[in-house]
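Here is a short briefing to read alongside the sequence and the structure. Points are grouped by topic.

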Amino acid sequence: MNNVLEVKNLSVKYGNTVALEKVSFEIEKGDFIGLVGPNGAGKSTLIKAILGLTEISTGRISLFSKDISKFKEFSKIGYLPQKSTKLNSLFPVSVFEVISLGILSKKKFPKRLKKEDDEKVHKILEDLKISKLSKKCFFELSGGEQQKVLLGRAIVSDPEILIFDEPSTALDPASREEFFTLVKKLNDEQKTTVILITHDTGYVGKYANKLIYIDRKLEYFGKIGDFCKGEDFDSCFEKSDHHIIWHQHN
């Protein structure tokens with residue numbers, strides 16, 4: 001078994017509030033995971049813990065067989081957060097430069113782009129169908145266009161794990177389909193592991209092979225097909241979502 005992520009008895013507290021309680025699961029290389037649950041269930045907290053961005057109360061997280069406390073190779077992980085970016089909106093950065101940051105983050109000093117790096121950025125722009133935006137200021141773009149650019153930054157460095165927190169919120173239906181198609185292509189062709197937090201239940205059923213359902217505790221982890229046939233299906237999803245997930249998966 002080739003696990004890229006192991007979570008064992010993970011609990012996270014914010015003061016006296018329990019955000020996650022004794023959550024355990026293992027993710028293999030090439031998995032496409034749909035991470036779902038109600039609002040306030042701890043989905044984003046789980047991702048922050050995996051990324052080392054929040055303190056763990058009890059339990060253990062291992063990335064690529066290394067404890068999170070000792071893991072330093074976060075360039076292996078591409079992350080697209082729910083809310084846009086920490087870029088300074090007063091700084092006139094171009095679309096090309098934003099995507100280039102994904103490559104520069106992996107380089108040692110001096111951090112400079114080579115010809116092959118430029119070519120890679122142009123390839124990402126083409127794949128995302130935003131080549132015409134290359135020289136535009138990032139902050140002049142629409143929310144959906146910015147989301148595509150940030151996706152480009154996340155994938156340009158060929159990460160081994162891609163983590164998305166509600167990535168399609170700002171996208172129109174056509175862009176949403178393009179987004180998921182590209183992510184699935186990376187999953188199929190490069191065996192990139194994908195963890196996707198989303199309320200787009202149809203896309204979970206269509207693209208993911210496994211499901212994590214949490215509501216502070218782990219309610220389900222396993223194959224989507226098994227979940228759709230199990231008793232947990234009725235208690236965890238509204239009937240309208242039943243049809244969407246089952247239909248898309250089958």
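**Overview**

The protein chain has nine helices and 10 strands. The model is predicted. Of the chain's 250 residues, 48% count as buried. The chain exposes about 13200 Å². Carbon and sulfur atoms supply 48% of that exposed area.

**Long-range contacts and cores**

- Take contacts in the protein chain between residues at least 6 apart in sequence: 67% of them join residues at least 24 apart.
- The largest nonpolar core holds 42 residues. Those with the most contacts inside this core are I99, V149, L151, F164 and F179.
- F179 touches L80, L151, F164, P167 and L171, with residues up to four places away in sequence not counted.
- A second core is separate and has 28 residues. Its members include I47, I61, I161 and I214.

**Aromatic rings**

- A pair of aromatic rings is described by the distance of the centres and the angle of the planes.
- Searching the whole structure gives seven aromatic pairs.
- F64 and F71 have ring centres 6.0 Å apart and planes at 20 degrees, so this pair is stacked. The cut-off for stacked is under 30 degrees.
- Both partners, F64 and F71, are buried.
- F71 also pairs with F74: the centres lie 5.0 Å apart and the planes stand at 85 degrees, so this pair is edge-to-face. The cut-off for edge-to-face is over 60 degrees.
- Are F71 and F74 buried or partly exposed? F71 has 3% relative accessibility, so F71 counts as buried. F74 has 29%, so F74 counts as partly exposed.
- F64 has a charged partner as well: the charged end of K76 sits over the F64 ring, 4.7 Å from the ring centre.
- One aromatic cluster is formed by F164, F179, F180 and Y207. Two of these residues, F164 and F179, are also listed among those with the most contacts inside the largest nonpolar core.

**Positive phi outside glycine**

- K22 is not a glycine, yet it has a positive phi of about 50 degrees.
- K22 is found in strand 2, which covers residues 17–28. At 60% relative accessibility, K22 counts as exposed.
- S65 is not a glycine either, and its phi is positive, about 65 degrees.
- Where does S65 sit? S65 is in the loop between strand 4 (58–63) and strand 5 (66–67).
- S65 has a relative accessible area of 69%, so S65 is exposed. The cut-off for exposed is over 50%.

**D31 and its surroundings**

- D31 lies in the loop between strand 2 and strand 3 (32–36).
- Is D31 buried or exposed? D31 counts as buried, because its relative accessibility is 5%. The cut-off for buried is under 20%.
- A polar atom of the D31 side chain lies 2.9 Å from the backbone nitrogen of E28.
- Which side chain makes a polar contact with the side chain of D31? It is that of K210, at 3.1 Å.
- With neighbours within four places in sequence left aside, D31 is in contact with N187, T192, T193, V194, N209 and K210.
- K210 therefore appears twice around D31: K210 is one of these contacts, and the K210 side chain makes the polar contact at 3.1 Å.

Methods: Residues numbered from 1 in each chain as written. Predicted model: local features only at pLDDT ≥ 70, side-chain atom pairs only at ≥ 80, totals over all residues. Heavy atoms only, no water. Core = buried A, V, L, I, M, F, W, Y, C linked by side-chain atoms within 4.5 Å. Buried < 20%, exposed > 50% of the residue type's maximum accessible area, 1.4 Å probe, protein only. Contact = heavy atoms within 4.5 Å. Helix = DSSP H or I, 4+ residues; strand = E, 2+ residues; numbered from the N terminus. Areas by Shrake-Rupley, 256 points an atom, 1.4 Å probe, with all protein chains shown as cover. Phe/Tyr/Trp six-rings, centres within 6.5 Å; stacked < 30°, edge-to-face > 60°. Lys NZ or Arg CZ within 6 Å of the ring centre and 35° of its normal. Polar contact = N/O pair within 3.5 Å; in protein donor to acceptor, adjacent residues only side chain to side chain.
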